[in-house]
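Let's take a walk through a protein model together. Keep the picture open beside you and look up each part as we get to it.

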Amino acid sequence: MSSPVLPRLRPPRHRLHPAARRWWTAQALVSVSGPMLLAALALGLLSGLFFPGALPWLAPLLLVTLVAPSLGYLILMPRRRYVTHAWELGTHAVYAADGWIWRRRRITPLAQVQTVDTVRGPIQRRYGLTTLTVTTASTAGDVRIAGLSDADAEELARVIGRAVHATRTAPAPAAEPVPAPAAAPYPVAPADGAGRDGREGAA
């Protein structure tokens, strides 16, 4: 017998706000690319002032180890993140996809949702963005949807809250009635004068 065909889960369709790319670019400048470029500039200036003979080999080294990686991260990371980050809210689950090198997809049943929080960091507030965090009872971790607009995050938090409430308060399906077992036939008493083995008793 062939196995039943299960419905396929469609990829998440809802994208983040376009300002998320600018937010990630600013975040990269503050945390990764900016410090690397400043380190390369400082090393180049110090070498030019105190060790000018080292510049012929130090400049290519700084270009390969600091300048090129920092610029690559600054340019590629926001674009790749924006392409891969998406979310979907179904009838029974929240589905989120993120990552730009290592991609991750997580499906969280609404029945496991404990809290829904919104977080706005200082850089996010500059671009009007919010991170929505769905806390669950699972040990795999929370579901984070970063880069939503403030209005979309608030609306999504309300919708998830209502969906969780509806899931937990929905009545349980009625149990199927269990038929009573058929009654065993009663033993038939032997006729008058008959013995246990069916033979007539002595007169």
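Of the 203 residues in the protein chain, 29% are buried. Keep in mind that this is a predicted model. The chain has five helices and seven strands, and reading from the N terminus you meet them in the order β-α-α-α-β-β-β-β-α-β-β-α. How does the chain come together across its length? Take the contacts between residues at least 6 apart in sequence: 50% of them join residues at least 24 apart.

Let's start with helix α1, residues 19–31. Here's a little sum you can follow: at 1.5 Å a residue, its 13 residues should span 18 Å, and the C-alpha atoms at its ends are 18 Å apart, so the two agree. Which residues of α1 are buried? They are A19, A20, W23, W24, A26 and A28. The cover over these buried residues includes two other helices, α2 (33–50) and α3 (55–84), along with α4 (122–127) and the strands β6 (129–136) and β7 (143–149).

Now for the inside. The largest nonpolar core holds 27 residues, and L16, I145, L148 and I160 have the most contacts inside it. Several elements, namely α1, α3, β3, β6, β7 and α5 (150–169), each put at least two residues into this core. The top giver is α5, with six residues. For a feel of the packing, try L148: leaving out residues up to four places away in sequence, L148 touches L16, W87, G128, L129, T130, L132, A153 and L156. Apart from this core there's another one, made of five residues, including M36, A40, L58 and L66.

M36 also turns up when we look at S70, a residue in helix α3. Is S70 buried or exposed? Its relative accessible area is 0%, and buried means under 20%, so S70 counts as buried. Beyond its neighbours within four places in sequence, S70 is in contact with S33, M36 and L37.

For a strand example, go to T136 in β6. T136 has a relative accessible area of 7%, which is under the 20% cut-off, so T136 is buried too. Setting aside neighbours within four places in sequence, T136 is in contact with T108, Q112, V113, Q114, G141 and D142. You can also find V116, which is 20 residues away from T136 along the chain; their C-alpha atoms are separated by 9.1 Å.

Finally, let's look at the empty spaces. The largest pocket has a volume of about 230 Å³. Its lining has 17 residues, and R81, H85, D98, R144 and A146 lie nearest the centre. Sorted by class, that lining has nine nonpolar, four polar and four charged residues. Helix α1 and the strands β3 (93–98) and β7 each supply at least two of the lining residues.

There is also one cavity of 30 Å³ or more, with about 50 Å³ of space in it. What lines this cavity? The residues are A96, A97, D98, R104, R105, R106, D142, V143 and R144. Two or more of them come from each of β3, β4 (104–109) and β7. By class, the cavity lining has three nonpolar, no polar and six charged residues. Look back at the names and you'll find D98 and R144 in the cavity lining, and both lie by the centre of the largest pocket as well, among the residues nearest to it.

Conventions
Residues numbered from 1 in each chain as written. Predicted model: local features only at pLDDT ≥ 70, side-chain atom pairs only at ≥ 80, totals over all residues. Heavy atoms only, no water. Helix = DSSP H or I, 4+ residues; strand = E, 2+ residues; numbered from the N terminus. Expected span 1.5 Å × (residues − 1). Buried < 20%, exposed > 50% of the residue type's maximum accessible area, 1.4 Å probe, protein only. Contact = heavy atoms within 4.5 Å. 1 Å grid on protein atoms, 1.4 Å probe; cavity = no way out; pocket = protein on both sides within 12 Å on 5 of 7 lines; lining within 4 Å. Points joined across faces, edges and corners; volume = space filled by probe spheres on them. Nonpolar A, V, L, I, M, F, W, Y, C, P; charged D, E, K, R; others polar. Core = buried A, V, L, I, M, F, W, Y, C linked by side-chain atoms within 4.5 Å.
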